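User: I have a structure open and want to learn how to read its sheets, its buried parts and its hollows. Where do we begin?

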Amino acid sequence: MGTIKKGLIAAALLTSALVSTSANALFGSSNDELKLGYLVKQPEEAWFQTEWAFADKAGAKYHFETLKMAVPDGEKTLNAIDTLAASGAKGFVICTPDPKLGPAIMAKAKSYGLKVITVDDQFINAKGKPMTDVPLIMMAASEIGYRQGQELYKEMLHRKWDVNTTAVMAITADELDTARRRVDGSIKALKEAGFPVERIYRVPTKSNDIPGAFDAGNSMLVQHPEVKQWLIVGMNDNTVLGGVRATEGQGFTKDNVIGIGINGVGAINELSKSKATGFYGSLLPSPDVHGFKSIEMLYHWVKDGVEPPKMTQVKDVVLITRDNFRAELDKKGLGNLVKK
Ligand code: FCA
């Protein structure tokens, strides 16, 4: 047989192999493993990467495939649902890029008969009310925020700072309910502990990432050159990191800034630095539980018809600092996230 002919046959075989794989992937077959989606708004955050890793662990335990998809905006979210349906998936877990997409996401999911569980951020309906009929698993936002405020105050006392020259920089994202509840909880704790209300300053961030929070922090710092020490409040690690970076730009250091984040896994690089910064620590909830449990509930719903509870709040949280973060992450089976 000539080389060209051999090549053609090989190419034909290859094409048919590719077609059948993609046809299987697209339309599924009765022998296929169950497929479930896991859609997240910010795949660059360690939080969501950890959820994905633990969703995969649930998949290994129950023998389903987790289709992990990044959905940074509404268009990508709706397209992802089309793709999931075409690949034969039976449902998905989602942390939406925008809670207001809730009704559109549910309409599309229903049109394909897909089951939906929300994680971390709750959907809101056209009237701005939470869509409480869609199962949700999230961290106990107000409580964890409250703990952030308590820990900031405690560390301030520990350092014997003069409260009269200290202020709170609270970087807000009020349109996201979980962010609003965390920050409000934190401010409540600070007020209850006795921090002067008139020096708790709020500033909104334009985006939920380090650059957005950095800009917000900078705009606050120029308005308050009189402040000698800052406590930094924010809804997650990146928000607080942005605030800390802004203070550094104005010459502040670990000696006059205390920032405590939320998420924990987003603080590992910072806490691993050879020198301490104003980012003192982070509250580590349970991205492992969120990732595993949300898709496990979806699996039981799809496979056995067991409806998940409408609301699951995960309350466990531990403060990690430079002193204990390796040990605490190890305890949760997250030690591999720390660079050795
Ligand atoms: C929100 C935040 C994330 C994480 C999650 C639990 O979605 O944006 O960083 O804190 O809640």
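Analyst: Begin with pairing. Two strands count as paired if DSSP finds at least two bridges between them. Keep in mind that this is a predicted model.

User: Which residue is the bridge partner of G37 in strand 3?

Analyst: G37 has F92 as its bridge partner. In the same way, L39 is partnered by I94 of strand 3. Strand 1, residues 34-40, and strand 3 are joined by 4 bridges and run parallel.

User: How many bridges join strand 3 to strand 4?

Analyst: There are 4, and these two strands also run parallel. Strand 4 covers residues 115-119. Look at F92 here: V116 of strand 4 stands opposite F92, while G37 is the bridge partner of F92 as well.

User: In what order do the strands of that sheet lie?

Analyst: The order is 2-1-3-4-5-11. The sheet is open, has 6 strands and is paired in parallel. Strand 2 (64-70) and strand 11 (311-314) each have a single partner strand, so one side of each has no neighbour in the sheet. On average, neighbouring strands are turned by 20° against each other, direction ignored.

User: Next, burial. Is strand 3 largely enclosed or open, and why?

Analyst: Apply the cut-off: buried means under 20% relative accessible area. In strand 3, residues 91-95, 5 of the 5 residues are buried, so the strand is largely enclosed by the rest of the structure.

User: Which residues lie on each side of strand 3?

Analyst: Start with the general idea. In a regular strand, side chains alternate between the two faces of the sheet. Now the case in hand. G91, V93 and C95 lie on one side, with F92 and I94 on the other. These residues are all buried, and both faces of strand 3 are covered.

User: What is the strand order in the open sheet with mixed pairing?

Analyst: That sheet has 6 strands in the order 7-6-8-9-10-12. Its edge strands are strand 7 (200-204) and strand 12 (318-321), and each pairs on one side only. From one strand to the next, the twist averages 20°.

User: How do strand 6 and strand 8 run, parallel or antiparallel?

Analyst: They run parallel, with 6 bridges between them. Strand 6 spans residues 166-172 and strand 8 spans residues 229-234. To find the pairing on screen, go to A167, which stands opposite W230 in strand 8.

User: Which helix lies across these strands?

Analyst: Helix 7, residues 210-223, lies across strand 6, strand 7 and strand 8. Helix 7 runs at about 135° to strand 7.

User: Take one residue of strand 6, T172. Is T172 buried or exposed, and why?

Analyst: The cut-off for buried is under 20% relative accessible area. T172 has 4% relative accessibility, so T172 counts as buried. Leave aside neighbours within four places in sequence, and T172 is in contact with V183, R202, V203, P204 and T205.

User: Now the hollows. How many cavities of 30 Å³ or more does the search find?

Analyst: First separate two ideas. A probe in a cavity cannot get out, whereas a pocket is open. The search of the whole structure finds 1 cavity of that size. The largest cavity holds about 120 Å³ of space. Its lining has 14 residues, and K41, E45, F48, R182 and N263 are the closest to its centre. Helix 2 (46-62) and helix 6 (177-193) each supply at least two lining residues. By class, the lining divides into 5 nonpolar, 4 polar and 5 charged.

User: What lines the largest pocket?

Analyst: It is lined by 20 residues; A46, V265, G266, A267 and N269 lie nearest its centre. The space in the largest pocket is about 360 Å³. Helix 2, helix 8 (237-249) and helix 9 (268-272) each give its lining at least two residues. The classes are 7 nonpolar, 6 polar and 7 charged.

User: What volume has the second largest pocket?

Analyst: About 280 Å³. Residues lining the second largest pocket include K41, Q42, P72, D98, I124, E175 and N208. Its lining has 5 nonpolar, 2 polar and 4 charged residues.

Notes. Residues are numbered from 1 along each chain as its sequence is written. This is a predicted model: local features need pLDDT of at least 70, side-chain atom pairs count only at pLDDT 80 or more; totals for chains, interfaces and linings use all residues. Side-chain values use heavy atoms; hydrogens and water are left out. Axes are lines fitted to C-alpha atoms, for helices over the stretch in contact, and angles run from 0 to 180 degrees between N-to-C directions. Contact means heavy atoms within 4.5 Å. On a 1 Å grid over the protein atoms alone, a cavity is a set of points where a 1.4 Å probe fits but cannot get out, and a pocket is an open set with protein on both sides within 12 Å along at least five of seven lines; lining residues have an atom within 4 Å of a point. Grid points are joined across faces, edges and corners, and a volume is the space filled by probe spheres set on the points. Ala, Val, Leu, Ile, Met, Phe, Trp, Tyr, Cys and Pro count as nonpolar, Asp, Glu, Lys and Arg as charged, and the others, Gly among them, as polar. Buried means under 20% relative accessible area, exposed over 50%, partly exposed in between (1.4 Å probe, protein chains only).
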